[in-house]
Amino acid sequence: MDIIESKTWIEWVITIAKFAFCFVPVLYILLLIPMERRGAGFMQDRQGPNRSYIKIPYFGKIRLFGYVQNMCDGTKLFFKEMFAPAGVNKVLYYVAPAIPFAIVFLSPCVIPWFGPMVFDWGDKAVRIPGSIIDSDVGVLLLMGFSSLSAFGAILAGWASKSKYTFLGALRTSSMTISYEVCLGLSLMGILLLAGSFNLTDIVSWQENHVWGIVAQPVAFFCFLIASIAETGRAPFDVAEGEPELVAGYHTEYGAMQFGLFYMGEYSHICINSFLIATLFLGGYAVPFVTTETMQAHMGGSLAILCGILAFLALAFLHMLHRYSKKLAATQQTHRFEVLQEYKLYKICGWAAVVVFVVLGACAWFLFNPANMAINGFAIGSFATALGTALIHLLVLVVKSVMFCWVWIWVRWTLPRFRYDHVMHLGWKIILNIALINLVVTAVIAKLVGGN
Amino acid sequence: MARVIKQRPMNWIERLYIFECLRGLFTTLKHAARGLFRYETLPTISYPEGQPEIRHTYRAKHRLMLRPDGTPRCVACGMCAAACPAHCIFIEATQSDDPRIEKRVMRFDIDHLTCVFCGLCAEACPVDALRMDTKKIVFEHRTREEFVAHMSDLMDWDPKDYPEDAQSQMAPGGTKNKQALETWGMEVK
């Protein structure tokens, strides 16, 4: 009972609610797959998958800009038969795909999703950290989790009893080992500057000084390249290089087992982009505004946030309007049903604009923490902390989505490296650059900071 | 003879690879932005809702040209069947009712499953009776028999679809049909 009574109920509620952040990488899969497919299409001057639709009675077809295609593919994978080839190690074969996917739920635990919430609850001062586990070894935990996911690939490759999967697994393991080193070493510079392994401390250091990308630009590039290599995506996808290894370690997998590998890969991208955003792009910190300033003008900040969202909704409406006009001018036989679908989106868009504008106006004029109370219980500081957390979270999401886009962008631009080139790049170039960067950073930090 | 192409050696900026990577990334970013903001300029045609633009010189499904009175121009000489490399044209001739004309065609079948659309039949025709400018490029039927176009099918075309072509306008329903019919009738006497 003591442990329960050591905290107020609001602390418990928020602490438990924070576990929902474990599902963020899974939600990112839903975002990343359409982004990858349509993005790949656009980069190759194609349209990308856009033909699947849901038929709604008395309305028409809903295509959601091609999003329905991903639902169809997911459903197909889900309902396919799970099979195992003859001669496989049954236990490991079935366990292997679950490993990278299970790691996905662990990794988000140490990422600070928002700055520590500090507020007064009654007469008690409450401080709730932004990460699920506010650990002093946060970065190390995260690196440990992300290298654990290589076990999935290695076990899958070994258990499948096929030379292609085996070679793919070998390549994955060697790549993971080589690039983990680069990853860790390029990380050290920023850790040295911040003087802590705690991700929240690193972010607050960046908030008070400069962003990691400014302080450590070389380390940023090394880290970006190493983490792209670590996720095993192009141009470093030698582990599943189609011309050589069929599909690498998941050659023998089908149905949802393959789907788990696929989702694990995307969640890994998500985690790594959150990590990069946290370490080098100021994490949840809003650019050019300190948290104190934001909290002092909470109403205005929320109003600006609503304004940005309303602007985005207007931009969406503009694109819709523009494309509807172009489509109406063509002779395509399905233009009227597409236009009708767009009409629905336009209604939604205008509703969103109205809602955001009203919310923004309310925040601007009515948000006053001094006289916010429920039944005489002051919640002004809690409301401010909650608003700060919301803005922090959205800022972090925007930054990480930007990096997710970098992953997709790089994949569809650069050709695959040859295997020995990958090793050469890892051990002889990036490792050395990271080491030199670390030494230089240490010397400068000693000379300037003097600690 | 083998030709040796001397490749320019890469300079040191290119050998660094990173700047060339950034150039490549910029190129793909331009294309992605085009897809996102200028979607309708993408070269893809959303077939079958949108149809590709076909020129009248494109070798599509055949048609039989008509005289002003509506009979086919074909004189059943068999040149097209002789020219056909795929042997997909089947012609049977019969006696013509018109005293000016020796033969008329009784059966004119083109098997579009065998046809290679080379256009030699249209080239070979001495009376310009066979053309391939219908712009119909899609053949979809249930049975093999339906892919064989018979004479009635080949003669079933509308002069309004060929507004530029004077020869087509002389067929029944065309703008020059009346005039052409007078000329045609005059020659009988």
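## Close-up views of a two-chain model

**Figure 1. Chain B, the whole chain.** Chain B is built from seven helices and five strands. This is a predicted model, so read each view below with that in mind. Going from the N terminus, the order of elements in chain B is α-α-β-α-β-β-α-β-β-α-α-α. How does the radius of gyration of chain B sit beside the value for a compact globule of 189 residues? Chain B comes out at 26 Å, while such a globule would be near 16 Å. The box that holds its C-alpha atoms, taken along the principal axes, is roughly 90 × 45 × 35 Å. Of the 189 residues in chain B, 19% are buried. For contacts in chain B with a separation of 6 or more, 64% come from residues 24 or more positions apart.

**Figure 2. Chain A, the whole chain.** Here we have 18 helices and six strands. Chain A has a radius of gyration of 24 Å, which agrees with the figure near 22 Å for a compact globule of 451 residues. Along the principal axes, the C-alpha trace of chain A spans about 70 × 70 × 45 Å. Buried residues account for 39% of the 451 in chain A. Take the contacts in chain A between residues at least 6 apart in sequence: 79% of them join residues at least 24 apart.

**Figure 3. Where chain A touches chain B.** How many residues does each chain bring to the contact? Chain A puts in 17 residues and chain B puts in 17 residues. On the chain A side, α3 (24–43) and α15 (298–329) each supply at least two residues. The largest share of that side is four residues, and they come from α3(A). By type, the chain A residues that touch chain B split into six nonpolar, eight polar and three charged.

**Figure 4. The largest nonpolar core, and a separate one.** The largest nonpolar core has 93 residues, and the ones with the most contacts inside it are A:I190, A:F223, A:A226 and A:I276. Which helix gives the most to this core? That is α13 of chain A (residues 255–280), with 14 residues. Zoom in on A:F223: leaving out residues up to four places away in sequence, A:F223 touches A:L183, A:S186, A:L187, A:I276 and A:F280. A second core, separate from this one, has 22 residues, including B:L64, B:C125, B:A129 and B:L154.

**Figure 5. Helices α7 and α8 of chain A, side by side.** The axes of α7(A) (residues 138–159) and α8(A) (residues 163–194) come within 8 Å and cross at roughly 170°. Parallel or antiparallel? Because angles over 145 degrees count as roughly antiparallel, α7(A) is roughly antiparallel to α8(A). From α7(A), the residues making the contact include A:V139, A:M143, A:A150, A:I154 and A:W158. Their partners on α8(A) include A:F166, A:A169, A:T172, A:L183, A:L187 and A:L191. Sorted by type, the residues of this helix contact are 12 nonpolar, eight polar and one charged. Two of the α8(A) names, A:L183 and A:L187, also turn up in the list of residues that A:F223 touches.

**Figure 6. Two loops of chain B.** Look for B:G70 in the loop between β1 (63–64) and α3 (79–83) of chain B. Is B:G70 buried or exposed? B:G70 counts as exposed, because it has 12 C-beta neighbours inside 10 Å. Along the chain, B:G70 and B:A171 are 101 residues apart, but their C-alpha atoms are separated by 6.3 Å. The other loop, between α2 (18–37) and β1 of chain B, holds B:P48. A cis peptide bond joins B:Y47 to B:P48, with omega about 5°.

**Figure 7. Positive phi in two loops of chain A.** A:D45 is not a glycine, yet its phi is positive, about 60°. This residue, A:D45, is in the loop between α3 and β1 (54–56) of chain A. With 14 other C-beta atoms within 10 Å, A:D45 is partly exposed. A:F288 is another non-glycine residue with a positive phi, near 65°. Where is A:F288? A:F288 lies in the loop between α13 and α14 (291–296) of chain A. A:F288 counts as exposed, because it has 6 C-beta neighbours inside 10 Å.

Definitions and conventions: Residues numbered from 1 in each chain as written. Chains lettered and ligands numbered in written order. Predicted model: local features only at pLDDT ≥ 70, side-chain atom pairs only at ≥ 80, totals over all residues. Contact = placed C-beta atoms within 7 Å. Nonpolar A, V, L, I, M, F, W, Y, C, P; charged D, E, K, R; others polar. Core = buried A, V, L, I, M, F, W, Y, C linked by C-beta atoms within 7 Å. Buried ≥ 20, exposed ≤ 12 C-beta atoms within 10 Å, placed from the backbone. Rg over C-alpha atoms; globule rule 2.2 N^0.38 Å. Axes fitted to C-alpha atoms, helices over the stretch in contact; angles between N-to-C directions. Parallel < 35°, antiparallel > 145°, perpendicular 65-115°, else oblique.
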